[in-house]
Amino acid sequence: MALIKSISGIRGTIGGVPGQNLTPQDIVECTAAFGTWLLQKGNTPKVVIGRDARISGQMVRDLVVSTLTALGIDVIDLGLSTTPTVEMAVGFEGAGAGIIITASHNPKEWNALKFLNEKGEFISAADGAAVLDLISNGGIQYQSVDGLGKVLEGGDFLQKHIQAIIDLPEVEVDLVRARGFKVVLDPVNSSGAITVPDLLEYLGCEVILINGETNGHFAHNPEPLPEHLYDLSAAILEHHADLGIAVDPDVDRLALVCENGEAFGEEYTLVAVADYLLQERTGNTVSNLSSSRALRDVTLKHGGQYFAAAVGEVNVVEKMKAVNARIGGEGNGGIIVPELHYGRDALVGIALFLSWLAKFGGTTSALRATYPNYQMVKDKISLPEGLDMEAILHQLEQKYQHEEHSTIDGLKIDFPQSWLHLRKSNTEPIIRIYAEAPSLAEAEALVGKIKGEVLGLIA
């Protein structure tokens, strides 16, 4: 499937047939529905937009801007920007909503519209359903010539974003500057190349930039996983750097690489930053059900409580608000610090991690060695068409009813030394299976065992 319309927005591959791929008709249709939803809600008729450096970004931007202004909505265009910067700009401007033009970690063929509410947070499931209804059933009405919206330049929102980060009491500017870290940065030819260096240089870091042309021709798979970061690891060793930083195209995910060229581990970005913040002031934490148990370990060590949320940033944010979490996020390198804003933000993650590394006093790899070394396995099972997935999960729940478990998002089973999470995909006929254990062999064995039980129930 190359076009996916969901409660959080629309994404797909550029070109092709309307309704099957992300074409101009689909972009206009979905933007018009979102703009109409905004007006029906009575929100301020002003929308902040920004985009990553994808090849299709300017084309999509032009369609979005024209559609919104045709509805009588003013547009504040940040141009090339980051997801967290757009989120914060909605609040800075008192706008009624935001649209981020990015397909996040997906390849260059993809693009997407991500919808934000008046708080600069991803819209709720109910609001997303209302937008989808407008897409399906129409009810769009455009303005006459005297009622058209205006387009305004975005201003210095990146600097405001960075200043808000610097102003956090936990960001130890002087301490980081005193360490004079040498950092290799890989922004994979997108927005991170024009945003992350400003922050690092303010913090007194020497920055070595690779893949820094903002042309959308990603030098490697843009998802910041260890297997895609060979160039970053090599550059760290070549330059004898203290740390490597990789961000995804819209700068809401943060991956770290140690001074020895080895991955810090995307699951451990959130763990390390939480460890630092909870030392300063204890509190609760939240991550999704598929994230590492290491966050729970760190939270309990500092006297806080850990809570799990369903997969999806909007679900994590909702849970964070409910339990007044100090920090939260997802195991994909997404860090959410409520004192700044309720959105994944690689920039605040960088500032807080460097503060912790400076305070720690040792190397990046030595800091990583202070955390549990859990191993995670991610797998999937293809499903026969028409299979009742809920019935399968219910049968497994009954089998493991005496183990700690959750059904808020598929089935998560917590064993004493490991866990396993099964959830059906929203876009493919598959069951996703995630497992974590103290060793890779144990995690693989757990996945194999549960896969066998699922296949036995299907047969």
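**Notebook: helix packing and three single residues**

I began with helix α5, where I listed F157, L158, H161, I162, I165 and I166 as the buried residues. The model I am reading is a predicted one. Looking for what lies over these buried residues of α5, I found that the cover includes β4 (74-80), α3, α6 (173-179), α7 (192-202) and α12 (346-360).

I then took one member of that cover, α3, and looked up how the helix sits against α5. The axes of α3 (residues 83-93) and α5 (residues 157-166) come within 9 Å and cross at roughly 95°, which makes α3 roughly perpendicular to α5. On the α3 side I noted P84, T85, M88, A89, F92 and E93, and on the α5 side F157, L158, K160, H161 and A164. Sorting the residues of this contact by character, I obtained seven nonpolar, two polar and two charged.

**A second helix pair**

How do α9 and α10 lie relative to each other? For helix α9 (residues 266-280) and helix α10 (residues 294-301) I read a crossing angle of roughly 5°, with the axes coming within 9 Å; because angles under 35 degrees count as roughly parallel, I entered α9 and α10 as roughly parallel to each other. The contact brings Y268, L270, V271, A274, D275 and L278 of α9 up against A294, L295, V298, T299 and K301 of α10. The residues of this contact divide into eight nonpolar, one polar and two charged.

**Single residues**

I looked up Y374 next, and located the residue in the loop between α13 (364-368) and β16 (375-382). Is Y374 buried or exposed? Its relative accessibility is 18%, so I count Y374 as buried, the cut-off for that class being under 20%. Setting aside neighbours within four places in sequence, I found Y374 in contact with Y268, S292, R293, A294, D297, E436, A437 and P438; of these, Y268 and A294 also appear in the contact between α9 and α10. I also checked a distance across the model, and the C-alpha atoms of Y374 and A130, which are 244 residues apart along the chain, are separated by 41 Å.

L80 belongs to strand β4, and β4 is among the elements that cover the buried residues of α5. With a relative accessible area of 26%, L80 is partly exposed. Beyond its neighbours within four places in sequence, L80 is in contact with R51, D52, A53, S191, I194 and T214. I noted too that L80 and G216, although 136 residues apart in sequence, are 11 Å apart in space, C-alpha to C-alpha.

A129 I placed in helix α4 (residues 125-137), where the residue is partly exposed at a relative accessible area of 39%. From A129 to F264, 135 residues apart along the chain, I read a C-alpha separation of 38 Å.

**The whole chain**

I closed with the overall values, starting from the 15 helices and 20 strands of the protein. The C-alpha trace spans about 65 × 60 × 40 Å along its principal axes. For 459 residues a compact globule would have a radius of gyration near 23 Å, and the 22 Å I read for the protein agrees with that. Of the 459 residues, 57% count as buried, and the protein exposes about 17800 Å², of which carbon and sulfur atoms supply 50%. Among contacts with a separation of 6 or more, 67% are between residues 24 or more positions apart.

Note on methods
Residues are numbered from 1 along each chain as its sequence is written. This is a predicted model: local features need pLDDT of at least 70, side-chain atom pairs count only at pLDDT 80 or more; totals for chains, interfaces and linings use all residues. Side-chain values use heavy atoms; hydrogens and water are left out. Axes are lines fitted to C-alpha atoms, for helices over the stretch in contact, and angles run from 0 to 180 degrees between N-to-C directions. Helices (H or I, at least four residues) and strands (E, at least two) are DSSP runs, numbered from the N terminus. Angles under 35 degrees count as roughly parallel, over 145 as roughly antiparallel, 65 to 115 as roughly perpendicular and the rest as oblique. Contact means heavy atoms within 4.5 Å. Ala, Val, Leu, Ile, Met, Phe, Trp, Tyr, Cys and Pro count as nonpolar, Asp, Glu, Lys and Arg as charged, and the others, Gly among them, as polar. The radius of gyration is taken over C-alpha atoms; the globule rule is 2.2 Å times the number of residues to the power 0.38. Buried means under 20% relative accessible area, exposed over 50%, partly exposed in between (1.4 Å probe, protein chains only). Accessible areas come from the Shrake-Rupley method with a 1.4 Å probe; for residues, only the protein chains shown count as cover.
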